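Trainee: I should like to go through this model and ask, at each step, what justifies the terms used for it.
Mentor: Please do; let us have it in view.

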Amino acid sequence: MSAPTSPDEGLTAAQLAAKYGLAVSGARPSLPDYVRQLWGRRHFILAFSSAKLTAQYSQAKLGQLWQVATPLLNAAVYFAIFGLILDAGRGMDKDVYIPFLVTGVFVFTFTQSSVMSGVRAISGNLGLVRALHFPRASLPVSFALQQLQQLLYSMIVLFAVAIAFGSYPDASWVLIVPVLVLQFCFNTGLALIFARAGAKTPDLAQLMPFVMRTWMYASGVMFSIPVFLADKPQWIANVLQWNPAAIYMDLMRFALIEEYGSQNLPDHVWAVAGGWAVLFAIGGFVYFWKAEERYGRG
Amino acid sequence: MAEQAADRRVPTVIADDVHIVYRVNGAKTGKGSATAALSRIVKRSGDRGVRKVHAVRGVSFVAHRGEAIGLIGSNGSGKSTLLRAIAGLLPPESGRVYTDGQPSLLGVNAALMNDLTGERNVILGGLAMGMSREQIKERYQEIVDFSGINEKGDFITLPMRTYSSGMQARLRFSIAAAKDHDVLMIDEALATGDAKFRLRSEARIRELRKEAGTVFLVSHSNKSIRDTCDRVLWLERGELRMDGPTDEVLKEYEKFSGK
């Protein structure tokens, strides 16, 4: 029974596989195939992200109310510290500064938590990766999507803050949608990049909080970059303002806050916002795909 | 089997000198702090603090259509690891595994979340295994009935963490067994629960086995291997110690393990 029959005798494993059309198990699919597979898993990606989101607060007594209460408390703390105690607005009107600050915090948190969950997307889900077949990019994409859903809850708080400080809904609020789409593309790309890096070096999960905090302070979450750097050469402010986190924060503020006009935005702001999104979404996806067959290695 | 053997035997899985190595971080001098991580990245000495575990060492075999193959060996001999490599879930360090179609591991535990209701877990687990929403809708009632979760009241709408461990195992198995497979791999620890459920799940495994082209079964029960497999691979310390007809290999194995 177990001895090979004569016609196949003497063939090497590779020749035998070729003869019967067997494929290498766990080989990396081509890029178009990979995109198709990922699209085929869209329901899983969606279900996984909202399941993670729901599971987060399922043991709390207030349950899903925390989705809104958490950002609300966050906003209150930042308001107390930076608005009342430190007065970091530097001459900015309170009606502008408070929504300015809260927008900055929420928008930056969106990118920050996408990166942090991206780092652990593969390395924290090895059990899943080693048990089932699916394009591995499903995980980082799904985590980025979870953060987007989280941000949408935060937007409820943000709208309330904006209205409370005198910025009422108008035509410019429509711009929120393209800003969110672009930032989501950027975040997803970033999550994909860090998912691959984190899969190889799980230690990044320890290191990244420091990097992210540095990035936060350099992006003008609590202060206006042009006002703070008024006496420095213009190019420094430009570089800081063109960094993707600052770009998306500024665009969101511009869309939301009545008195935060276009004079606060750097040149070519929409082109830069789109450029970052496309560059990172495509670059991150290809970079992640390149190591597809290696995820889950012990 | 006899007419198949006389006919041409079609290989479905070929393992060619497969080696699998696990790398365990922090098992030597592991300092997990951020500064240690930074210095490790800067120095590019990735091997520091990493211990290698060579779990499978150069295993080769050819499996054919219609075969049911048992994997035996003591704990930690590399059986489950080898299954994962065949399924393409654990990339081998060196060597190759060729397969016909996509082998799948029977099991869905890792995709389920204890904080979600049984209902949502059925959907999530089905999607994770690659079923479509329509397929899941179609089989939903079947899965719930099979698990018997609702026999004692409406438990399927409660979070899974509220289930007893037996009930959790039943739901997991019911979800995993809802899908048909090409090349099927079964880790025997799956069939758990009370006596009644065990009988039901064993019947379901037999059914799945009939539908699948080639079956791999990992088991510590020589009886279930004898009942279902016509060929046995015996792994010991990651090496293939014996490969042959069930009776022959089991006789040696029993002698080895001193039964």
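Trainee: What makes strands E8 and E9 of chain B a pair?
Mentor: The model is a predicted one, and in it six bridges join E8(B), residues 231-236, to E9(B), residues 239-245. At least two bridges are required for pairing, so the six between E8(B) and E9(B) meet the criterion. The two strands run antiparallel. As one instance, Leu233(B) has Asp243(B) in E9(B) as its bridge partner.

Trainee: Which residue takes a positive phi in the hairpin of E8(B) and E9(B)?
Mentor: Arg237(B) does, with a phi near 50°. This hairpin has two residues between its strands.

Trainee: How do you know that E1(A) pairs with strand E4 of chain B?
Mentor: Two bridges link E1(A) to E4(B), residues 94-99, in the antiparallel sense. Since the criterion is at least two, that count satisfies it. Within this pairing, Ala23(A) has Thr99(B) as its bridge partner in E4(B).

Trainee: What is the order of the open sheet that contains E1(A), and why do E1(A) and E2(B) stand at the edges?
Mentor: The order of the four strands is E1(A)-E4(B)-E1(B)-E2(B), and the pairing is antiparallel. E1(A), residues 23-24, and E2(B), residues 50-64, each have a single partner strand, so one side of each lacks a neighbour in the sheet.

Trainee: What does each chain give to the contact between chain A and chain B?
Mentor: Chain A gives 40 residues and chain B gives 57. On the side of chain A that touches chain B, the elements giving two or more residues are helix H1 (13-19), E1, helix H3 (42-56), helix H6 (126-129) and helix H9 (204-218). H3(A) gives the most, with seven residues. By residue class, this side of chain A divides into 21 nonpolar, 14 polar and five charged.

Trainee: Why is the reach of H9(A) called close to the expected value?
Mentor: H9(A) has 15 residues, and its first and last C-alpha atoms are 20 Å apart, against an expected 21 Å at 1.5 Å a residue. The expected span is 1.5 Å times one less than the number of residues, and the value of 20 Å is therefore set against 21 Å and found close to it. Just after H9(A), Gly220(A) takes a positive phi of about 70°.

Trainee: What is known of the crossing of H5(B) and H6(B)?
Mentor: The axes of H5(B), residues 133-147, and H6(B), residues 165-176, come within 8 Å and cross at roughly 145°. The crossing is right-handed.

Trainee: Which residues of H5(B) and H6(B) meet?
Mentor: Ile143(B), Phe146(B) and Ser147(B) of H5(B) meet Arg170(B), Leu171(B), Ser174(B) and Ile175(B) of H6(B). The residues of this contact divide into four nonpolar, two polar and one charged.

Trainee: What share of each chain counts as buried?
Mentor: In chain A, buried residues make up 42% of 298 residues; in chain B, 42% of 259 residues count as buried. A residue enters that share if 20 or more other C-beta atoms lie within 10 Å of its own.

Trainee: How many helices and strands does each chain have?
Mentor: Chain A has 13 helices and one strand, whereas chain B has nine helices and nine strands. Among contacts with a separation of 6 or more, residues 24 or more positions apart account for 81% in chain A and for 72% in chain B.

Key. Residues numbered from 1 in each chain as written. Chains lettered and ligands numbered in written order. Predicted model: local features only at pLDDT ≥ 70, side-chain atom pairs only at ≥ 80, totals over all residues. Buried ≥ 20, exposed ≤ 12 C-beta atoms within 10 Å, placed from the backbone. Contact = placed C-beta atoms within 7 Å. Nonpolar A, V, L, I, M, F, W, Y, C, P; charged D, E, K, R; others polar. Axes fitted to C-alpha atoms, helices over the stretch in contact; angles between N-to-C directions. Left-handed = near helix turned anticlockwise from the far one by under 90°.
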